[in-house]
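Trainee: Could you take me through one part of this model in close detail? I would like to follow a single sheet, strand by strand.

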Amino acid sequence: MIFELRVWKPFKHIDCPLCMAGTDVTFIARVDSTTLARKPTMKWLKGKWLDLASKAGKHMQFKETYDRNTKVCIYTYEMKIIKVVPGDAGGYRCEVTAKDKCDSTTFEISVEGERNQMLLRDAGEDEGDLDFSALLKKPEEEKPQIDVWELLKNAHPSEYEKIAFEYGITDLRGMLKRLKKMTVEPKHSEAFLKKLESCYSVEKGKKIVLTCEVVDPDVQVKWLKNGQEIKPSAKYIMEANGNIRTLTINKASLADDAAYECVVGEDKCFTEVFVKEPPVTITKLMDDYHVVVGERVEFEIEVSEEGAHVMWSDQELHKEKDTKYRFKKDGKKHTLIIQEATLEDIGMYHAWTNGGHTKGELEVEEKQLEVLQDIADLTVKATDQAVFKCEVSDDKVTGKWYKDGVEVLPSDRIKMTHIGRFHRLTIDNVKPEDAGDYTFVPDGYALSLSAKLNFLEIKIDYVPRQDPPKIHLDTTGNMVSQNTIIVVAGNKLRLDVEITGEPAPTVVWSKGDQPVTEATGRVRVESRKDLSCFVIEGAERDDEGNYTICVTNPAGEDKAVLFIKIVDVPDPPEHVKCTSVGEDCATVIWEPPKFDGGAPIKGYLMERKKKGSSRWTKLNFDVYESTTYEAKRMIEGVLYEMRVFAVNSIGLSPPSLSSKPFMPIAPTSEPTRLTVHDVTDSTCVLKWLAPEKIGAGGLDGYVIEYCKEGDTEWVVANQDLCEKQGFTVRGLPVGEKINFRVVAVNIAGRSPPATLQQPVTIREIMEHPKIRLPRDLRTKYIRKVGEKINLTIPFQGKPRPVATWYKDGQPIDPKMVNVRNSNVDSILFIRSAEREHSGKYELVLQIENMEDRATIEIRIVEKPGPPARVKVTDVWGFNAALEWDPPTDDGNCEITGYTIQKADMKTKEWFTVYEHNRRTNCTASDLIMGNEYMFRVYSENLCGLSEEPRNSKETAVIAKTGLQYKPNPYKEKDMNCVPKFTQPLVDRSVVAGYSTAISCSVRGFPKPKIVWMKNKMIIGGDAKYLIQNNQGVLTLNIRKPSTFDGGKYSCLAVNELGQDEVECKVHERSTATIHRLRLQPRLLPQFMHTSFSLLQHPRSYRTAPVHTYLVNVTFPSDLC
């Protein structure tokens, strides 16, 4: 089968394909998507609701292909059923949707039992090895083939579900429908002229009208839904208009997806209503990710409805088929999770619903290990402890330690630790053989950190008792020069200075002129034997400066000056802003940080995010040195924000303030179809159409430019942007050849220009004058006195023609007629028309020696005068003949008729005898004998009857003749009759506590006396009973009956001719449980359109069966 999306055109009509059990069958659908912006969605359904995508496997296989080599965009969808079984029989539907378009087609499959087939092979053909093992096995007993159709035909309806379960029938409803068509012969409907359509389709929440036409316009119809009668309500509105019967379903829901019937007596017509759910839209779009290898990625979106189906894909590959991707649903949130990103995951990720699409980009970079703290060289003495420490950026990285190229193994004296990002090598009780080069090599990275361990030997020499003090500074380690020490802000500085001298010297540390004497605190001095330690915990920028150590003893003095330099990460960059944007890119600039942290700025790192999102995406992993960056691969029309980090040798600065939101937009394409509409001696009128591509930046207006042929300098013709698609360029030199171009402008700038292919010569084009007289003015133009006349006569001609009006050959009087001329028309205006305005008006149009003329005949009319000389010419029998002359004033138009009236001289009331009589005579008939009549006549024309009539001078007398009245004899009818009940009493079952009434009707004359009795006892003046008699209709009202009010009630009618009696039984039953529902006033509109159900359904109450439920709704007074 081949169908097109808009109009489905079956390639081969499939009424009911017949398939053999055990064979394979394939159905092919082709969809033409030439006019679609995206790929359509195909669904294969069985019955009305079963989606066959959930049944995909060995038995059912689905395939879709798209041929990119052909010019016609056709998608091919295949459904293949492997080894058809009887359960596959039924109705199928193929449905394709694309955004707001939807179409479908249906077909049915019938399955017959498997037939024995013999395969005949050519004896000369090589068949390969033969296997006769199957012939040696005991043949299995063949099970007899069972025809499911025969089972359903002969089975009772109560066994249908059992048969369907036993033989695997999934579309029982469809099989029963076809079974009904097979068993019931179609017959002509005698009740319906036009039946319901076979099916109707409606979107959820919309209204649908079911219409049929019946033969009898007075017949009553019933509407059924799934076999249950529909009661009229606000949701279901039933209407009858002549032979048309309609059922209107308001606000269709999924519950309205059912089979409907219209029943007239024994005849029925059927239809099915399909309710389509609205498309699911995406309310939160997908963010972009920029991660390194091994990081977790979560693409998250939000949709408009819970439980919606979302399809994820990465460059046309469905992610449901890959085990490395996990999908998470939480209400309206849908998440695609990638546990550990790899370089293979780079690309665009898409998410589709049936009403929306979003995409996000994933960029994955390889890991780069950064050294945050290098290993420092150490100088230790015997038996001291040596600690090598380094810090790397990844806390999961492991490594090995080497000494002089040989791996260091742990022992009682040597320990290696790894805590977070710190790696330590600790050597206790240092020995001379421990001296050497130590190296740390991280696993998996081409990187190594080296430091040297120096062993300090202590030699004991016999010296004199007096030894001047001496400061021994270690020039290795953090010292970058002889007296400069660099410390990273936040780190700890411990400066061990060896001091010699005998006797032990006194040590004084000072910063500038201020001595440092504290032994505790953040900045302190620790003294040991032959050693002075200067400690700064958590170095700060204020700790930077010159420090002096002075040692003295009686033998002398020594002094050293050190400069401690504090280095830190730089301050954040400043004034980040976007200077220009493109279709998918933007240029961002910023200023370097005010403080570089004491170390030169190596470069910058940039991040961006969508406005409203909380996830930032890295734009570069390598340091970018310039302060201008062009961000690419952005989505047009989406607001973005940018921030920048500064990088020095110490580390990464805090992020800068986010830039103002900016949107990547591109200029529009050039305007289309630029043409010259008109040219004069100094002007040129240009027309064009809007650009084909406008984009997210919209369209602000147009700029029109021109230049002389051969020049390159373009002159702007409009000071302000032109919002219309047309412009008149003025002040052009006569006779010059001018080039024109139009440029579209939006927030992104100017579009490419649309230019005329050839220059335009500025010269007036001579055009003959021509009057375009309207069709209604080509005949006589008639108006009534007092009406307004406004005639617009269009004309053409170049240069501007001179228009002149004449009346009856003379120039018109401007006091009587107003004239206004323009470039393209002339207007003749008369505020209040008079009869003297009638005549022939001529418009003369002149251009130099050329002219054109047009004549208009105007006639102003009014009501005519009365006829002249009305007289009675003859009287005979009951008739009178009249004659008159036409009026002297016809109102300037033709007399169309006369109206004749008569009046009796006694009453003098006027009655019309004739209207629109075209002759000047008539005969008045059916006059009354003995009366004298007078007559009057009105004239009539296009404006109506004359103001005054003309009365006849003579009268017409109708003479009497000899007549005698003989009335018929009158016989009085006998009205007496015995009392007789025309409507008997009916047995009644009442609910205790609810008032009820029983009624009957009686006739009889004289008026009978009425007696009501209960159980043969006359009901007296009990207030519980109210007796009414209205024109023979007798009613007994029982107020709030109780258990004792049940029994036999009778009514007796008695008069003098006889009596009659009727009786009935009244049965009292107790009420069931009353369920009260409270409804808030604000929910009243929903209540009018909403059904509800009781939580408990009592089947009986005090042995009385429950037939109905009574709902009592009380409305507040302010809502009534």
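Mentor: Here is a close look at one small sheet, followed by one residue elsewhere and the chain as a whole.

Keep in mind that this is a predicted model. The sheet is open and has 3 strands. Their order is β2-β6-β5, and the pairing is antiparallel. In general, strands of a sheet pair through backbone hydrogen bonds. Now take the edges. β2 covers 25-32 and β5 covers 60-66. Each has a single partner strand, so one side of each is left without a neighbour in the sheet. Direction ignored, neighbouring strands here are turned by 15° against each other on average.

Next, the pairing of β5 with β6. Strand β6 spans residues 74-81. The two strands run antiparallel and share 7 bridges. One residue pair to find on screen is M60 with I81, its bridge partner in β6.

Now move along the chain to D256. This residue sits in the loop between β15 (244-249) and β16 (259-264). D256 has a relative accessible area of 1%. Buried means under 20%, so D256 counts as buried. Leaving out residues up to four places away in sequence, D256 touches K225, K235, Y236, I249, K251, V273 and V275.

Last, the wider setting. The chain has 1120 residues, and 37% of them are buried. Its secondary structure comes to 5 helices and 88 strands. Among contacts with a separation of 6 or more, 63% join residues 24 or more positions apart. The accessible surface is about 69,700 Å², and carbon and sulfur atoms hold 50% of that.

How values were computed
Residues numbered from 1 in each chain as written. Predicted model: local features only at pLDDT ≥ 70, side-chain atom pairs only at ≥ 80, totals over all residues. Heavy atoms only, no water. Pairing = 2+ DSSP bridges. Helix = DSSP H or I, 4+ residues; strand = E, 2+ residues; numbered from the N terminus. Axes fitted to C-alpha atoms, helices over the stretch in contact; angles between N-to-C directions. Buried < 20%, exposed > 50% of the residue type's maximum accessible area, 1.4 Å probe, protein only. Contact = heavy atoms within 4.5 Å. Areas by Shrake-Rupley, 256 points an atom, 1.4 Å probe, with all protein chains shown as cover.
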